[in-house]
Amino acid sequence: MVDRKKLTIPYLFEKVHNCEPITWLTCYDYPTAYFQEQAGIDMILVGDSLGMTILGYDSTLPVTMEDMITHSKAVRRGAPTAFVIGDMPYMSYQPSVESAIRNAGRFMAEAGCDAIKLEGGTEMADRIEGIVKAGIPAIGHLGLTPQSASALGGFKVQGKGALQAKKIIESAKALEQAGAFCILLEMVPDRVCEIITKRAENCIIMSLGSGPSAHGQLLIYHDCFGLYPKFKPRMAKVFGEAGKVIQEGLNLYVKEVTEKTFPQPENWFGMKDDEYEALLEMLD
Ligand code: KIV
């Protein structure tokens, strides 16, 4: 295992203070969490994007709290020292402050998460405030918020116009004032991200496709490794072609079993002659 202490919010702020970018990836399972931890990742988001990347839905909307808790637990087991964030799924916090606190608490108590994230601006500030007052660290999510993709007109850049950009900047301040220790900006123009980062007083600003001025970067793991067959967002970079490697391996497995070149003696277990003879006698 990687040799480090459990990462904490003060550690993340220290990185900001020292101008060291914070690293953040999504993750949904034990082995990937293990690999990310070995790589020294700072933050892990158990994103409700698992609805698309893992469960094969067309959106994140069908994801349930049960799905999220199961996957968060697996990630926690694989990454004991990373700062793990549970992503609140659709309708787990929108109905009321009470539902938000109750479900945020489940991520902490049942899955051992370090914080939660929820989508939305000024209109969700009371949910953030309630969760933080309950003692749970909260992260806001502005810009392209996939749970509202239909209302936003699809998966596209948010805040390109001055009026919409001003609204996002105001929302960031409202979330910070409500107690969010961190805000994710997804697909917001780099200049808007820069303004928000400069104006943040006690809040870590993270970027997903929003440029380099933020305090750190987030990407979706499956986009980074060619593991999502339907599409690759423009802002994602492929850091390794794991999907291609897996596909080639699977093709080879099917070929070798079909052609009877697998298994070979090293792939099975034998039995000593005397035990085999005794067995045959017992069966007669
Ligand atoms: O669910 C998720 O992975 C997310 C990212 C799109 C930021 O919320």
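Q: Where in the chain is Gly56 placed?
A: In this predicted model, Gly56 sits in the loop that runs between helix H3 (50-53) and H4.

Q: Why is Gly56 called partly exposed?
A: Its relative accessibility is 47%. Partly exposed covers the range between the buried cut-off, under 20%, and the exposed cut-off, over 50%. The 47% of Gly56 falls in that range, so partly exposed is the right label.

Q: What makes Lys230 a contact of Gly56?
A: Contact means heavy atoms within 4.5 Å. Leaving aside neighbours within four places in sequence, Gly56 is in contact with Gly51 and Lys230. The C-alpha atoms of Gly56 and Lys230 are separated by 9.8 Å, with the two positions 174 residues apart along the chain. The contact rule looks at heavy atoms, so the C-alpha separation is a separate value.

Q: Why is Gln158 called buried?
A: Gln158 has a relative accessible area of 3%. Buried means under 20%, so Gln158 meets the definition.

Q: Where is Gln158, and which residues does Gln158 touch?
A: Gln158 is in the loop between helix H7 (149-152) and helix H8 (162-178). Not counting residues up to four places away in sequence, Gln158 touches Gly143, Leu144, Leu152, Gln164, Ile168, Met187, Val188 and Pro189. As for Thr145, 13 residues away along the chain, the C-alpha atoms of Thr145 and Gln158 are 9.2 Å apart.

Q: Met187 is among the residues touched by Gln158; why is Met187 called buried?
A: The relative accessible area of Met187 is 15%. That is under the 20% cut-off, so Met187 counts as buried. Met187 belongs to the loop between strand S6 (182-186) and helix H9 (190-199).

Q: What makes the backbone of Met187 worth a look?
A: Met187 has a positive phi of about 50°, although Met187 is not a glycine. Met91 is also a non-glycine residue with a positive phi, in its case about 70°.

Q: Why is Met91 called partly exposed?
A: Met91 has a relative accessibility of 43%. Buried needs under 20% and exposed needs over 50%, so 43% puts Met91 in between. You will find Met91 in the loop between strand S3 (83-87) and H5.

Q: Where is Ser99, and why is Ser99 called buried?
A: Ser99 is part of helix H5. Its relative accessible area is 16%. Since buried means under 20%, Ser99 qualifies. Apart from neighbours within four places in sequence, Ser99 is in contact with Ser92 and Tyr93. Leu50, 49 residues away in sequence, is 22 Å from Ser99, C-alpha to C-alpha.

Q: How do you know that H4 and H5 come within 9 Å, and which residues make the contact?
A: The axes of helix H4 (residues 65-78) and helix H5 (residues 97-111) come within 9 Å and cross at roughly 35°. The H4 side of the contact consists of Met65, Glu66, Met68, Ile69, Ser72, Lys73 and Arg76, and the H5 side of Asn103, Arg106, Phe107, Glu110 and Ala111.

Q: What is the handedness of the crossing of H4 and H5?
A: The crossing of H4 and H5 is right-handed.

Q: Why is Ser213 called partly exposed?
A: Ser213 has 27% relative accessibility. That value is not under 20% and not over 50%, so Ser213 is partly exposed. Ser213 lies in the loop between strand S7 (204-208) and strand S8 (216-219). With neighbours within four places set aside, Ser213 is in contact with Asp190, Glu194 and Thr197. Between Ser213 and Asn267, the C-alpha to C-alpha distance is 52 Å, for a separation of 54 residues in sequence.

Q: Which peptide bond is cis, and where is its proline?
A: The peptide bond from Phe262 to Pro263 is cis, with omega near 5°. Pro263 is in the loop between helix H11 (242-258) and helix H12 (273-283).

Q: How many helices and strands are in the protein, and what percentage of its residues is buried?
A: The protein has twelve helices and eight strands. Of its 284 residues, 46% are buried.

Technical notes:
Residues are numbered from 1 along each chain as its sequence is written. This is a predicted model: local features need pLDDT of at least 70, side-chain atom pairs count only at pLDDT 80 or more; totals for chains, interfaces and linings use all residues. Side-chain values use heavy atoms; hydrogens and water are left out. Helices (H or I, at least four residues) and strands (E, at least two) are DSSP runs, numbered from the N terminus. Buried means under 20% relative accessible area, exposed over 50%, partly exposed in between (1.4 Å probe, protein chains only). Axes are lines fitted to C-alpha atoms, for helices over the stretch in contact, and angles run from 0 to 180 degrees between N-to-C directions. A crossing is left-handed if the near helix is turned anticlockwise from the far one by less than a right angle, and right-handed if clockwise.
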